[in-house]
Amino acid sequence: LKIEESMREALKNDDFELYYQPQVKLSDGSISHVEALIRWRHPERGLISPGEFIPIAEDSGLIVEIGRWVLNTACVQAKHWQNTLPNPIRVAVNISARQFKSASFSDEVAEVLLRTDLPAELLELELTESAVMNNVKENIIRLHSLKSMGVSLSVDDFGTGYSSLSYLKRFPIDTLKIDRSFIIDISNDENDEAIVAAILALANSLKLNIVAEGVETLRQLETLKKLGAQSILIQGYYFHRPMPANDCEQVLKSAA
Ligand code: G
Ligand code: G
Ligand code: MN
Ligand code: NA
């Protein structure tokens, strides 16, 4: 309960912050996508990673409020970049299962786009594979209602859940994010390489975009290139770590 109270305090005191991690196009090094990642700047404990507090926020329901703050902050930032950068930058926001399931979620998305005057194409919503694959019938309706506003939809942590491939075809999604666990050993483990190759083939035939997450080394990058994955986006420490908005803006400016 203690941590729950301090999360409420943090919302009031503006102690949360969004970091941004660029996604780099493998073929030409350009950047037109970034993922927003929440951080908690705790007055005593310093920077706390979301892995520590998001699960607690989910259990307590506070994720709905935190999620609203994240969505609003990311849209304000995306609007700022639309006004100040020469190329369009799409900002991806993580949506927890609980947020996605709440009845008012798509209204909230519509409202924040209107209020921040952000074109819907500049917002991407990242849903985890497990969130999307529960209650498939309901989710297809939810996803269509979001999609009809013009936002992009991506499936986070792809490959870790139990995606039914036949459902995948019926979901109006744009992007699969290959989970980091398949990338870590991709250059040493033939099985991981085969799995990634299969995901690439699947994405290709379903006309989905791909983001490879957690690319840390040149070897991993070379293996992805070898698999013919020129059109994919690379998100990982090899290129950029998540960073504060101002630092990210400098990266976006120099990549433009
Ligand atoms: O940035 P980092 O690797 O520490 O993030 C850890 C986890 O926290 C990731 O699974 C990420 O999806 C999740 N996460 C980061 N930011 C947000 C957010 O704004 N909302 C939600 N729901 N999850 C987030
Ligand atoms: O689950 P989700 O994909 O939303 O979370 C992405 C998380 O992965 C972020 O917390 C981010 O900090 C982390 N991340 C991004 N790139 C790398 C990387 O190259 N290596 C590692 N270990 N983590 C990464
Ligand atoms: Mn994510
Ligand atoms: Na992920």
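In which sense do strand S5 (residues 123–128) and S6 pair, and over how many bridges? Select both and look: they run parallel, joined over five bridges. Two strands count as paired here if DSSP finds at least two bridges between them. Helices (H or I, at least four residues) and strands (E, at least two) are DSSP runs, numbered from the N terminus.

A word on what you have open. This is a predicted model, where local features need pLDDT of at least 70 and side-chain atom pairs count only at pLDDT 80 or more, while totals for chains, interfaces and linings use all residues. Residues are numbered from 1 along each chain as its sequence is written, with chains lettered from A and ligands numbered from 1 in the order in which they are written.

**Stop 1: the whole chain**

Zoom out. You should find twelve helices and ten strands, and a C-alpha trace spanning about 50 × 45 × 35 Å along its principal axes. A compact globule of 256 residues would have a radius of gyration near 18 Å, and the chain agrees because it has 18 Å. (That radius is taken over C-alpha atoms, and the globule rule is 2.2 Å times the number of residues to the power 0.38.) Buried residues make up 38% of the 256. Buried means that 20 or more other C-beta atoms lie within 10 Å of the residue's own, with C-beta atoms placed from the backbone.

**Stop 2: strand S5**

Now select 123–128. Six of the six residues in S5 are buried. Turn on the side chains: Leu 123, Leu 125 and Leu 127 point one way, Glu 124, Glu 126 and Thr 128 the other. In a regular strand, side chains alternate between the two faces of the sheet.

Add strand S4 (residues 90–95), which pairs with S5 in the parallel sense over five bridges. Ala 92 has Glu 124 in S5 as its bridge partner.

**Stop 3: strand S6 and on to S7**

On the S6 side, Leu 125 is bridged to Leu 153, and Thr 128 stands opposite Asp 156. Select 152–158: six of the seven residues of S6 are buried, so the strand is largely enclosed by the rest of the structure.

Next comes strand S7 (residues 175–178), parallel to S6 and joined to it by three bridges. Look for Phe 158 with its bridge partner Ile 178 in S7. Follow the chain from S6 through helix H8 (residues 165–170) to S7 and you trace a right-handed β-α-β crossover. Right-handed means that, with the strands pointing away from you, the path from the first strand over the helix to the second runs clockwise.

**Stop 4: Val 109**

Hop over to helix H5 (residues 105–116) and pick Val 109. Is Val 109 buried or exposed? It counts as buried, because it has 21 C-beta neighbours inside 10 Å. Val 109 touches Leu 146, Met 149 and Val 151, leaving aside residues up to four places away in sequence; contact means C-beta atoms, placed from the backbone, within 7 Å.

**Stop 5: the ligands**

Select ligand 1. Among the residues around it are Leu 37, Ser 49, Gly 51, Asn 94 and Pro 242, where "around" means a C-beta atom, placed from the backbone, within 6 Å. Helix H2 gives the largest share of this shell, three residues.

Finish at ligand 2. Of the 14 residues around it, Gly 214, Glu 216, Gly 236, Tyr 237 and Pro 242 come nearest.

Notes
Buried ≥ 20, exposed ≤ 12 C-beta atoms within 10 Å, placed from the backbone. Contact = placed C-beta atoms within 7 Å.
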